[in-house]
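Me: I have a model open and want to go through its packing. Can we take it a piece at a time?

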Amino acid sequence: MSDSLSDQPVVLLVEDDGLLLMEASDTLADAGFTVVEATHADKALKVLENRDDVGVLMTDVDMPQGSMDGFALARLVAHRWPSIPVLVVSGMGTPGPNDMPDGARFIPKPYEPTTLVRTLQAFISRAA
């Protein structure tokens with residue numbers, strides 16, 4: 001796998017906390033990912049409906065805005081866009097047995113930026 005930036009897919013980053021969104025976005029951009037930001041699930045779905053280059057979804061769980069939480073978004077994306085791998089992050093504890101779609105990954109918050117980047121890269125190379 002080459003290190004050219006074009007090899008890194010677009011990451012759709014869904015996070016309602018502005019500071020965390022900025023930090024995660026900067027971390028991923030520094031690692032060579034193209035980041036599209038959404039502050040809640042409804043915005044994320046609009047992005048997915050309007051772009052065909054999203055390579056991975058990274059979503060927070062607890063998002064007061066919007067019509068669904070991150071688990072519901074993860075399940076919907078896995079159903080409607082099965083080729084897009086889903087990474088769920090949360091500081092609210094670990095997911096229950098039916099929260100996550102098949103194949104999704106979970107990272108508890110707070111996470112180390114290097115953990116995030118490594119997990120995404122491993123995830124994407126597996127999905128490719």
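Reply: What follows covers confidence, then the cores, two helices and two buried strand residues.

Me: What kind of model is it, and which cut-offs apply?

Reply: It is a predicted model, in which local features need pLDDT of at least 70, side-chain atom pairs count only at pLDDT 80 or more, and totals for chains, interfaces and linings use all residues. Residues are numbered from 1 along each chain as its sequence is written, and side-chain values use heavy atoms, with hydrogens and water left out.

Me: What is the mean pLDDT of the chain?

Reply: The mean is 90, and 92% of the residues reach 70 or more; pLDDT is the predictor's confidence in each residue, from 0 to 100.

Me: Which elements have the lowest and highest mean?

Reply: Helix α4 (residues 113–127) has the lowest, 85, and α2 the highest, 98. Helices (H or I, at least four residues) and strands (E, at least two) are DSSP runs, numbered from the N terminus.

Me: Where does pLDDT stay under 50?

Reply: Over residues 1–5, for which the model has three contacts beyond four places in sequence. A contact means heavy atoms within 4.5 Å. Where pLDDT is low, the predicted coordinates should not be read in detail.

Me: New topic. How many residues are in the largest nonpolar core?

Reply: The largest nonpolar core has 25 residues, and L12, V14, L48, L57, L73 and V77 have the most contacts inside it. Such a core is a set of buried Ala, Val, Leu, Ile, Met, Phe, Trp, Tyr and Cys residues joined through side-chain atoms within 4.5 Å. Buried is under 20% relative accessible area, exposed over 50%, partly exposed in between (1.4 Å probe, protein chains only).

Me: Which elements give two or more residues to this core?

Reply: β1 (10–14), β2 (34–38), α2 (41–50), β3 (54–60), α3 (70–80) and β4 (86–90). Of these, α2 gives the most, with five residues. Apart from this core lies another, of 17 residues, among them V11, L87, V89 and V117.

Me: Back to α2, then. Which of its residues are buried?

Reply: A41, A44, L45, V47 and L48. Seen down the axis, they fall within an arc of 155°, so they line one face of the helix; the arc is that of the directions from the helix axis to the C-beta atoms. K46 and N50, on the other side of α2, are exposed. The cover over the buried residues of α2 includes β1, β2, β3 and α3.

Me: And which residues of α3 are buried?

Reply: G70, F71, L73, A74 and V77. They sit on the same side of α3, because they cover an arc of only 160° around the axis. The buried residues of α3 pack against β1, α2, β3 and β4.

Me: What happens at the start of α3?

Reply: A side-chain oxygen of D69 reaches to within 3.1 Å of the backbone nitrogen of F71.

Me: Now M58. Is this residue buried or exposed?

Reply: M58 is buried, with a relative accessible area of 1%. M58 is in strand β3 and, not counting residues up to four places away in sequence, touches V11, L12, L13, V14, A24, L28, L87, V89, Y111 and L116.

Me: Last one, V86. What does this residue touch?

Reply: Leaving out residues up to four places away in sequence, V86 touches L57, A74, V77, A104, R105 and F123. V86 lies in strand β4 and is buried, with a relative accessible area of 3%.

Conventions
Polar contact = N/O pair within 3.5 Å; in protein donor to acceptor, adjacent residues only side chain to side chain.
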